[in-house]
Amino acid sequence: MSAFRTIWPTEDRYVEVIDQRQLPHEWVVVKLKTYTDAEKAIKDMIVRGAPLIGATAAYGIYLAAREMTEQGHEPVFMDEAFNALRNSRPTAVNLFWALDKMRNALKDCPASELVETAWNAAEDIVKEDIETCRMIGVHGLPLIEAIAAKKQGETVNILTHCNAGMLGCIEWGTITSPIYQAVEKGLKVHVWVDETRPRNQGANLTCYELTRHGVHHTLIVDNTGGHLMQHGMVDLVIVGTDRTTRKGDVANKIGTYLKALAANDNNIPFYVALPSTTLDWTISDGLREIPIEERNQDEVKYVVGKSRRSGIMDEVLVCPETTKASNYGFDVTPARLVTALITERGVCPATEEGLLSLFPEHA
Ligand code: MRU
C-alpha cells in the first residue's frame, strides 16, 4: 500500500525506525542495535502510537536475545530487557501484549535457537499488524461509503485527533486505513486534523502522511472541532486508541473525550478504529483502571517546530518561565459516547456484548 514502513529490518538484521520527532521537516532514520536503543526509542517518542510501540518492544526483545548470545550474558539479561521495555510507557496496552507474546514465543526455547525464534516472533507481530490495519480499512470503508451515498457523492468530512495513521502503526494505520481505501476508491474525502497539543502529532504526523498520500485535509487547533460540528462541517469523527476495555471505554490522546462530547451533542457518529491488540480484556472500567501517562511539563511550556527565522528546528517558550504546567498524555472516553468500534473482524457497538460477538474467545 505504501512506499515505506515505520520499522524495518536492515541487512545486518538490526532494526531501523524514523525519528518521528523530526517530522514533517526532516526524515531522520535511527538504527536500533540494542534493547536499550529500543527502550529509548519508545521512552523518548522517537517512535509512538500503540501498535508501533508494541512492534518496537518486540524487536527490542530480539535485540536483547542477540546481545545475550553474542556477548555471553547470563539469562537474567533477558529479564532485565523485559522489565525495561515494560516500563518504557504506561498507557498503550499493545506494549504489554507484544512483550507477553515474545515471552511465550521464547518460553522453553533452547539457547541455540533464541535469536532466530525472537526474530521470527517479532516479524510475525509486524506482519499481523499490517494485515490487521488493512482489514480495519475494509470494515471501516462502508461507513464512509454510506455517508457519501447519503450526501450524493459530496465530500465526506472526517475529524480526527492525534495520529492514528500509519506512522503510529506499521502500514495503513487504523483511522487512515478506511480513509486511504475510500480515497483509492475515488470517494471525495476531506479530513479535519486536530493539531493535538502538546506534542502536535496531528499537525506534524497526520498532516505529513495525509500529504504524502494525497488526501485533502485541513489543520485546525484543538478547540475548533465543536464549532465545526455545530455548523454541519463534520460528518463523522474517527480516532484511534491506546487501550480499550472489554466494556468499550476508550483511552486515547488527551482531548479525545472532549471531541466525543461535542460529537454526541451534535448527533455526529464517533468511531474508534482499533486492532484487537489494543483491547485490554482484563479490565472493564476505563476511568479507574487505565493508567494515564503524565509527561514532562516542558512539552506544554515549549512548542517545538521549525523556526520561521532560522529555518531550523527550535523550541519556543509560550508562558512565563516560572509557570507550572500539567501534562496528562491521555484521557478516557466512556463507551456510551462511542458510536461503534471498527476492528479487523468487523464493526461492533462499544459494549462487552458487542466486542464478544466479534471476539468470542474472550468470553
Ligand atoms: O503519545 P502517542 O503519540 O503515542 O499517542 C498516540 C495516540 O494516542 C494514538 O491515537 C493511538 O496510539 C492510536 S495509534 C494507531
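Helices and strands here are DSSP runs, numbered from the N terminus. With those labels in hand, welcome to a short tour of the enclosed spaces in this predicted model. The count comes to three cavities of 30 Å³ or more, and the two described below have volumes of about 190 Å³ and about 80 Å³.

**Largest cavity**

- Its volume is about 190 Å³, and 23 residues form the lining of this largest cavity.
- Nearest the centre of the largest cavity you will find Arg 48, Gly 49, Ala 50, Asn 163 and Asp 242.
- Domain 1 (7-128) and domain 2 (139-362) both contribute lining residues, so the largest cavity lies between them.
- Helix H2 (50-71) and strand E9 (250-253) each provide at least two residues of this lining.
- By residue class, the lining of the largest cavity holds nine nonpolar, ten polar and four charged residues.

**Second largest cavity**

- This cavity has a volume of about 80 Å³.
- Lining the second largest cavity are Pro 51, Ala 55, Asn 94, Trp 97, Ile 125, Glu 128, Asp 129, Thr 132 and Thr 277.
- Two or more residues of that lining come from each of H2, helix H4 (94-106) and helix H5 (114-150).
- H5 gives the largest share of the lining, with four residues.
- The lining of the second largest cavity splits into four nonpolar, three polar and two charged residues.

**Link between the two**

- Helix H2 supplies at least two residues to the lining of the largest cavity and two or more to the lining of the second largest cavity.

Notes. Residues numbered from 1 in each chain as written. Predicted model: local features only at pLDDT ≥ 70, side-chain atom pairs only at ≥ 80, totals over all residues. Heavy atoms only, no water. 1 Å grid on protein atoms, 1.4 Å probe; cavity = no way out; pocket = protein on both sides within 12 Å on 5 of 7 lines; lining within 4 Å. Points joined across faces, edges and corners; volume = space filled by probe spheres on them. Nonpolar A, V, L, I, M, F, W, Y, C, P; charged D, E, K, R; others polar. Domains from an automatic or database assignment.
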